[in-house]
Amino acid sequence: MDTFGLSILKGIISFFLHPLTYITIIGAFMLGLSRVKRDRRDFHTRVHDVLDDVPFAIIPGLLIGAAFLILNLLLGLTIPFSTTVAMSLGAFLLLVTGQIRFLSPAFVFILPTLATFFYTPIDFGNDTLNTMQEGIGNASPIALAILVGFLVFMEGLFITMNAGKQTSPRLVESKRGKLVGAHEVQRLWLLPLFLFLPVGQVESFTWWPLLDFGAGTYAFILLPFPIGFRKLIHHALPLPEMKSNGRQVALLGGATVLIGLMSYFLSNKWIALVAIILVILGRAGILLLHRGKNKPAYFNERNKGLVILGILPGSPADQMNLQVGEVISKVNGLPLGKGVDFYTALQRNAAFCKMEVLDVNGEVRFEQKALYNNTHHELGLLFVKENRFEEQEEAQ
């Protein structure tokens, strides 16, 4: 096998040997497990499968990671091996402490940036630990700025394209102590990050093949880079909110890349440092902007109609043209609202169901479905009820 092919193979092996690869997958599984427990507590039924979060963690990251691999073959972003250690350590600390909402590249890069400017290598009396610190102060702030900008842009793509899928309905208490509905998003994405390493940082690993590019010698690594996202939405529909959030994050990442490129062409590391600071502050600002604390709840009990909080996958309701956030105003001609039970209205016609639905644009339409063998007890619609511990209609 030629040197280039062997280098690729070693880079792929490094991805599967890295502990973060498995910690992220386990973390995604744990998120699914906690989600199922909340579903059973709030609705006495499981909404999504416990393993659903694992494919969400792996598949999108592989696709975007492959795109970044091709891009970095053209850009040639190079950082010392010690900087990848600092990146991994920052991500690891956020993962194991459960701070998924802060597992953004903007916050993960705080540690390697501080290490670049302020860290002094320590003699641990161990060759491996000492090697991992070599060159930490030689990392280029320009490369860091461009890299974090691209990663935040990718984070925005993840949120826009993936975070709004299979959101989890929740029952939460408002400030007034009233039970309202919400949708929670908890995601982990595992990104295989293709990076060049200067030869000085890998020469002690004699098994690693090196590549010559002009006057420089490099190796490359596939670094498992976890990106996390958590958001509780009670004031809006989940999908539009996720798209808005993702676009803002992607725009922030794109602006950071542009400033980083400016610092590259001007050979000014201080402009790069400004870019890194701005992306950190900007990402924190987006987190605060989308908290929605003082906004009224969208999913709440109403005097007229029942708001659809969730729809169980594969259920009869899932086969109908119903959407989360729509309001069912009438069932079999009976107006719904507080004190009017949805399934009592269904039983007015044991063989057929006709619903009057108010969509998210305020337009009225009619949906109908034949019912068979007690199907009306298993339609799969989730609503907000005032008593959390009262058996929910959708679990009957």
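A cavity is here a set of grid points where a 1.4 Å probe fits but cannot get out, and in this predicted model the count comes to 3 cavities of 30 Å³ or more. The largest cavity has a volume of about 60 Å³, and its lining is made up of Leu31, Arg35, Arg38, Asp53, Gln166, Thr167, Ser168, Glu184, Val185, Gln186 and Arg187. Two or more residues of this lining are given by each of α2 (19-43) and β2 (179-198), with the largest share, 4 residues, coming from β2. By class, the residues around the largest cavity divide into 5 charged, 4 polar and 2 nonpolar.

The second largest cavity, with a volume of about 40 Å³, is lined by Asn300, Glu301, Arg302, Gly305, Leu306, Val307, Phe383 and Val384. In this case the lining comprises 4 nonpolar, 2 polar and 2 charged residues.

Open spaces were examined alongside the enclosed ones. The second largest pocket has a volume of about 500 Å³, and of the 20 residues that line it, Gly164, Thr167, His183, Gln323 and Val324 are the closest to its centre. At least two residues of the lining of this pocket are supplied by each of α9 (238-266) and β6 (310-311), and α9 provides the largest share, which amounts to 3 residues. The lining of the second largest pocket contains 12 nonpolar and 7 polar residues, together with 1 charged residue. Thr167 appears both among the residues closest to the centre of this pocket and in the lining of the largest cavity.

With respect to the protein as a whole, 12 helices and 11 strands are assigned, and 51% of the 396 residues count as buried. Among contacts with a separation of 6 or more, 72% are accounted for by residues 24 or more positions apart. The exposed surface of the protein comes to about 18,600 Å², of which carbon and sulfur atoms supply 62%.

Strand β7 (residues 327-331) was considered in relation to its pairing partners. This strand is mostly covered, with 4 of its 5 residues buried. Strand β5 (residues 306-307) pairs with β7 in the antiparallel sense over 2 bridges, and Leu306 stands opposite Ile328 in β7; Leu306 is also one of the residues lining the second largest cavity. Strand β9 (residues 352-358) runs antiparallel to β7 and is joined to it by 4 bridges, with Glu356 in β9 serving as the bridge partner of Lys330. A further antiparallel pairing, over 2 bridges, links β7 to strand β8 (residues 334-335), where Lys330 stands opposite Pro335. Strands β7 and β8 form a hairpin with 2 residues between them, and in the turn Asn332 has a positive phi of about 50°.

Beyond β9, Asp359 lies in the loop that leads from this strand to β10 (364-370). Asp359 counts as buried because its relative accessibility is 16%, whereas the cut-off for burial is under 20%. When residues up to four places away in sequence are left out, Asp359 touches Glu326 and Arg365. Between Asp359 and Gln323 the C-alpha to C-alpha distance is 8.0 Å, although 36 residues separate the two in sequence; Gln323 is itself among the residues closest to the centre of the second largest pocket.

Technical notes: Residues numbered from 1 in each chain as written. Predicted model: local features only at pLDDT ≥ 70, side-chain atom pairs only at ≥ 80, totals over all residues. Heavy atoms only, no water. Buried < 20%, exposed > 50% of the residue type's maximum accessible area, 1.4 Å probe, protein only. Contact = heavy atoms within 4.5 Å. Areas by Shrake-Rupley, 256 points an atom, 1.4 Å probe, with all protein chains shown as cover. Pairing = 2+ DSSP bridges. 1 Å grid on protein atoms, 1.4 Å probe; cavity = no way out; pocket = protein on both sides within 12 Å on 5 of 7 lines; lining within 4 Å. Points joined across faces, edges and corners; volume = space filled by probe spheres on them. Nonpolar A, V, L, I, M, F, W, Y, C, P; charged D, E, K, R; others polar.
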